[in-house]
Amino acid sequence: MNNIVELDSGRVRGLTYEKHRLFQGIPYAAPPVGERRWCSPQPVDPWPQVRDATEPGSPCPQLPQDFADIASLDEDCLFLNVTAPRTGGSKPVMVWLHGGGGANGEGAIFDAHRLSVAEDVVVVTPNSRLGIFGNFGYPSLAGGGGFGIEDQQAVLRWVQRNIDAFGGDPGNVTLFGESYGGLDVSAHLVAPGSAGLFHRAIVQSGFALLRSPAGAWAPGSPEMPTMWLSTVELDELAEHLVGQLGWVQPGKEAAIEQLRRVPVEQLINVSSVFSRPAFGGAVLPESPAQALPGGRFHRVPVLTGGTRDEARLFTALFWDAAGQPITPDGYDKLLTDGFDAAADEVAERYPVDAHASPSLAWADVIGDAAWARSVWNFANALSAETATYVYEFADREAPPVVPFPPGFPPGAHHSAEVAYQFDLGDPAPLTEAQRRLAATMNHYWANFARSGDPNGPDLPGWQTFSAADPHVQSLHPEQITGTNFAAEHRLDFWSALA
């Protein structure tokens with residue numbers, strides 16, 4: 001097939017391989033710079049000549065982190081990448097929203113050719129504004145807290161207008177994402193402007209309904225009863241921070257105009273403070289933490305789940321690797337700070353001497369109390385209204401996505417499954433059994449994208465989740481079967497504490 005494609009904004013030239021085509025750095029909206037900083041995404045200016053689409057566009061502004069070693073100061077970053085099989089036809093489309101904590105990451109690092117070719121699907125991996133550039137709010141700023149979500153909606157509208165040129169079916173779009181990307185998918189399930197732009201949703205280790213105790217993320221991290229911030233809270237936070245930093249001078253032009261001239265180099269230093277979309281405005285009127293359990297979401301089939309040892313990634317990176325491994329006394333204090341009067345009950349069920357280290361004990365506590373309970377509540381909320389399939393990635397020998405401290409077993413840590421879906425330049429290659437699991441997972445995901453049902457010939461059967469029959473599919477190289485998720489993560493105990 002031709003490596004030149006006609007879009008509504010002009011022609012692009014991509015790369016052609018033996019079995020797939022790759023188009024990178026396609027602009028889907030105008031650069032959000034200058035007066036367009038903190039505005040809804042605007043239409044891209046058409047280009048008269050064939051545009052080169054053989055290299056990724058710039059990542060959105062971010063500072064490098066241990067979990068995402070990407071740096072950028074370029075606000076001109078609203079690009080997407082398309083991976084498509086060379087064969088023609090009207091294929092399912094899968095739009096991937098990356099993780100990275102809300103202030104890091106980019107679409108181009110997710111090489112989707114294995115998923116695209118083997119499963120005959122078109123995969124779109126976009127950038128969207130991050131941190132202070134995507135989630136900033138301020139009194140009198142229209143749309144505050146929702147610019148990153150609006151960018152993703154612009155991607156989905158671009159797909160509706162253009163994906164048929166790559167062999168994709170605009171009437172069969174699956175929105176899928178992991179971690180922060182999963183949180184964004186959850187936002188789109190309730191955002192009015194996202195209605196009709198996608199037809200299925202996959203939420204991997206999303207945390208829309210997560211409630212985290214003190215210390216869950218890192219030393220000193222506060223208790224968070226919800227992951228969602230209101231626009232009122234956002235405006236107050238931003239006004240306080242801006243006042244401290246002296247970015248607005250009274251008596252001059254409007255505060256927003258002054259803020260739009262603050263250099264990226266200054267904004268980037270506080271970007272992570274604004275790592276979550278906010279509710280209460282036109283983009284996201286209601287908190288997903290209220291809307292989802294209340295049944296107020298778009299009725300599309302959902303596939304969702306997490307990893308067996310989610311919290312080990314955060315404990316390893318922000319405690320042990322940071323030179324602050326948890327001690328037995330520190331573990332007791334974390335239990336007291338996190339669970340107050342119930343600390344002794346938690347200690348009884350998660351005794352420190354039953355674990356290789358206090359850090360691993362704390363990771364197990366948070367993995368169950370926060371992450372597993374969030375998956376369970378999310379699945380129960382959605383399954384009451386729509387077809388819902390739930391999984392747990394259970395390969396405890398998965399290659400770590402980032403270096404772990406010596407002696408700290410990664411297990412099936414947060415983000416571990418992503419290397420089974422995409423080629424990421426993995427720290428260690430997958431074994432033959434892991435490659436088989438990777439292929440099976442991509443079969444499931446693509447089948448779901450095709451029909452809303454992950455089942456297919458020669459695949460272990462996967463039942464829907466319901467309150468009466470809460471089936472969770474355990475994904476492991478040696479066996480794929482249902483697992484007693486509630487018992488495995490002591491959810492009766494944690495639900496009784498709520």
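Author: Two strands count as paired if DSSP finds at least two bridges between them; helices (H or I, at least four residues) and strands (E, at least two) are DSSP runs, numbered from the N terminus. You're looking at a predicted model, so keep its filters in mind: local features need pLDDT of at least 70, side-chain atom pairs count only at pLDDT 80 or more, and totals for chains, interfaces and linings use all residues. Residues are numbered from 1 along each chain as its sequence is written, and side-chain values use heavy atoms, with hydrogens and water left out.

Reader: OK, let's try that on a sheet. What is the strand order in the open sheet of three strands?

Author: The order is 1-2-5, and the pairing is mixed. Strand 1 (4-7) and strand 5 (51-52) are the edges, each pairing on one side only.

Reader: And in what sense do strand 1 and strand 2 pair?

Author: Antiparallel: strand 1 is joined to strand 2 (residues 10-13) by four bridges. To find one on screen, pick valine 5, whose bridge partner in strand 2 is valine 12.

Reader: Now strand 6. How many of its residues are buried?

Author: Buried means under 20% relative accessible area, exposed over 50%, and partly exposed in between (1.4 Å probe, protein chains only). In strand 6 (residues 79-85), seven of seven residues are buried. Phe79, Asn81, Thr83 and Pro85 point one way, while Leu80, Val82 and Ala84 point the other way, and all of them are buried.

Reader: Which strands does strand 6 pair with?

Author: Strand 4 (residues 20-27) pairs with strand 6 in the antiparallel sense, over six bridges. Arginine 21 has alanine 84 of strand 6 as its bridge partner. Strand 8 (residues 122-126) also pairs antiparallel with strand 6, here over four bridges, and the bridge partner of leucine 80 in strand 8 is proline 126.

Reader: I always check backbone torsions. Which sign of phi does serine 140 have?

Author: Most residues other than glycine have a negative phi. Serine 140 has a positive one, near 80°. You'll find serine 140 in the loop between helix 2 (131-135) and helix 3 (147-162).

Reader: Is serine 140 buried or exposed?

Author: Exposed, because its relative accessible area is 74%. Serine 179 also has a positive phi, about 60°, although it is not a glycine. Serine 179 sits in the loop between strand 9 (168-178) and helix 4 (180-190), and it counts as buried because its relative accessibility is 9%.

Reader: What about the phi of glycine 452?

Author: Glycine 452 comes just after helix 14 and has a positive phi of about 85°. As for helix 14 (residues 432-451) itself, the expected span is 1.5 Å times one less than the number of residues. Its 20 residues should therefore span 28 Å, and its end C-alpha atoms are 29 Å apart, which agrees.

Reader: On to voids. What volume does the largest pocket have?

Author: On a 1 Å grid over the protein atoms alone, a cavity is a set of points where a 1.4 Å probe fits but cannot get out, and a pocket is an open set with protein on both sides within 12 Å along at least five of seven lines; lining residues have an atom within 4 Å of a point. Grid points are joined across faces, edges and corners, and a volume is the space filled by probe spheres set on the points. The largest pocket comes to about 1,300 Å³. Its lining takes in 48 residues, and Phe67, Gly100, Gly101, Ser179 and Phe314 lie nearest its centre. Helix 5 (231-245), helix 9 (312-320) and helix 13 (418-421) are the elements giving two or more residues to that lining; the largest share, four residues, is from helix 9.

Reader: How much space lies in the second largest pocket?

Author: About 260 Å³. Of its 15 lining residues, Pro213, Glu223, Gly338, Phe339 and Arg373 are closest to the centre. Helix 10 (328-339), helix 12 (358-383) and helix 16 (491-497) each supply at least two lining residues, and helix 12 has the largest share, with three.

Reader: And how many cavities of 30 Å³ or more are there?

Author: Five. The largest cavity has a volume of about 70 Å³, and of the 13 residues lining it, Leu97, His98, Ser128, Gln152 and Asp184 are closest to its centre. Helix 4 gives three residues to this cavity's lining, the largest share.
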